[in-house]
Amino acid sequence: MTRRTFLHHSVRTIIATTVAVTAVLPNVAHSQPYPHKVVKMIIPFPPGGTLDFVGRALAQKLGESMGQTFIVENRAGGNGFVGADAVAKAPADGYTLLFNASTFVTGPMVAKAPYDVQKDFVPIALVAQAPLAVSVTNGLPVKDLAGLIAHAKAHPGQLNFAIGSTGSAGHLATELLKKTANINLSIVPYKGTAPAMQDLVGGQIEGFIDPLLGAMSFYKSGRLRILAITSKNRLPNLPELPTVAETIPGYEFYSWYGLWAPAGTPTEVVNKLNAEVNKALQGDLKDKLEAQGLIVGGGTVDDMARFQRSDMAKSQKLISEGNIRAQ
């Protein structure tokens, strides 16, 4: 073999080897166990509040358990639409997830969303349900829910009740209270729960129905009164708080929190995340959530899908009957 032939043969061998290695590399990367890089969990509302508290606690536990960093990104705007849409348009690889409240499925019922909840997302797990608190300002001369109903009937339309966002769990729970108690409350929309709670404590509004966690510190410090909670039964850690159902039989309402991925995310990734969420909810995270009045979730991916469909049907009925539309 001449030197020239040898060199030519060597170059061809190098090129062939390079092409073969290059072709294999994507498959090697693809075969790496999930997760092999940072996972982003988008929360589509500002920091603070129940949603942010639960999401960050879950992200920390998932990161510890799966040996990978889970970062939380608060991407607020458009009643949660901006952050959720970013997840819908993200690669369906399990590295961009959505942590959201039940507003995620009810928001598009009252305003046009840039995505379809059922077509553009796959549910991963139900994380928790949150009973809501019927809270009133200390200046309102009522001591219990029956007193609030009587006062509202004596002063129709004069009691201002806040809502954190149109179509939120708190909004729907307020509409359900109006309907079942046959009272007329004036709805005051706010851009988020924090300013609404501040105005309630300050006496600028009379009432606010929102997840219990948001009212807890103000309740414990005596800066507002909680007349009732919206769960079916009293909570073990707050036995002094009656349920709405003790005054209005059958009344029950919750906000809830879940984890979603973009549609098309591999089934094995979704199932792995579901298993990890269930594992996280059995440890100290369970104690942390229950201490804040939350009811811990869990279950399979199919359980979450069925729960979501059921809640959407109930919420749609309330929204249609109340003719609720975005402000």
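With a relative accessibility of 57%, Asn323 counts as exposed, and this residue of the predicted model sits in the segment that follows H12. Its backbone stands out too: phi of Asn323 is near 50°, a positive value in a residue other than glycine. Asn182 shows a positive phi as well, near 55°, again in a residue other than glycine. Here the setting is the loop between H7 and E6, and Asn182 counts as exposed because its relative accessibility, 61%, is over the 50% cut-off. Then there is the backbone at Pro35, where the peptide bond from Tyr34 is cis, with omega near -5°. Pro35 belongs to the loop that runs between helix H1 (3-31) and strand E1 (39-43). As background, most residues other than glycine have a negative phi, and most peptide bonds are trans.

The loop that carries Asn182 leads into a piece of regular architecture. E5, helix H7 (residues 169-181) and E6 together form a β-α-β unit, and its hand is right-handed. Its two strands, E5 (residues 160-163) and E6 (residues 186-189), are paired in the parallel sense through four bridges. Within that pairing, Ala162 faces Val188 of E6.

H7 turns up again in the open spaces of the model, starting with the largest pocket. This pocket has a volume of about 930 Å³. It is lined by 41 residues, and those closest to its centre are Phe45, Gly164, Ser165, Gly192 and Thr193. Quite a few elements chip in with at least two lining residues each: helix H2 (49-66), H7, helix H8 (193-202), strand E7 (207-211), helix H9 (212-220) and strand E9 (254-262). H8 gives the most, with five residues. In terms of chemistry, the lining is split into 20 nonpolar, 19 polar and two charged residues.

The second largest pocket comes in at about 310 Å³. Glu252, Phe253, Tyr254, Asp311 and Lys314 are the closest to its centre out of 15 lining residues. Two or more residues of this lining come from each of H7, E9 and helix H12 (301-321). H12 gives the most, supplying eight residues. Charged residues are well represented here: the lining holds six of them, next to six nonpolar and three polar ones.

Closed spaces come next. Searching the whole structure turns up two cavities of 30 Å³ or more. The largest cavity holds about 40 Å³ of space. Around it are Ser102, Thr106, Gly167, Ser168, Ala169, Leu172, Phe253, Tyr254, Trp256, Asp311 and Ser315. At least two of the lining residues come from each of H7, E9 and H12, the elements that also give two or more residues to the lining of the second largest pocket. There is some overlap at the residue level: Phe253, Tyr254 and Asp311 line this cavity and are also among the residues closest to the centre of the second largest pocket. By class, the cavity lining divides into five nonpolar, five polar and one charged residue.

The second largest cavity holds about 30 Å³. It is lined by Phe45, Asn79, Gly80, Phe81, Asn100, Thr103, Phe104, Pro108 and Tyr115. Helix H4 (residues 103-110) gives the most to this lining, with three residues. No charged residue takes part; five lining residues are nonpolar and four are polar. Phe45, one of the lining residues here, has already come up as one of those closest to the centre of the largest pocket.

One last stop is Lys286, which is found in helix H11 (residues 284-291). With a relative accessible area of 27%, Lys286 counts as partly exposed, because that value falls between the 20% and 50% cut-offs. Leaving aside residues up to four places away in sequence, Lys286 touches Ala280, Leu281 and Val296. Lys286 and Ala128 are separated by 158 residues in sequence, while their C-alpha atoms are 9.5 Å apart in space.

Conventions:
Residues numbered from 1 in each chain as written. Predicted model: local features only at pLDDT ≥ 70, side-chain atom pairs only at ≥ 80, totals over all residues. Heavy atoms only, no water. Pairing = 2+ DSSP bridges. Right-handed = clockwise from strand over helix to strand, strands pointing away. 1 Å grid on protein atoms, 1.4 Å probe; cavity = no way out; pocket = protein on both sides within 12 Å on 5 of 7 lines; lining within 4 Å. Points joined across faces, edges and corners; volume = space filled by probe spheres on them. Nonpolar A, V, L, I, M, F, W, Y, C, P; charged D, E, K, R; others polar. Buried < 20%, exposed > 50% of the residue type's maximum accessible area, 1.4 Å probe, protein only. Contact = heavy atoms within 4.5 Å.
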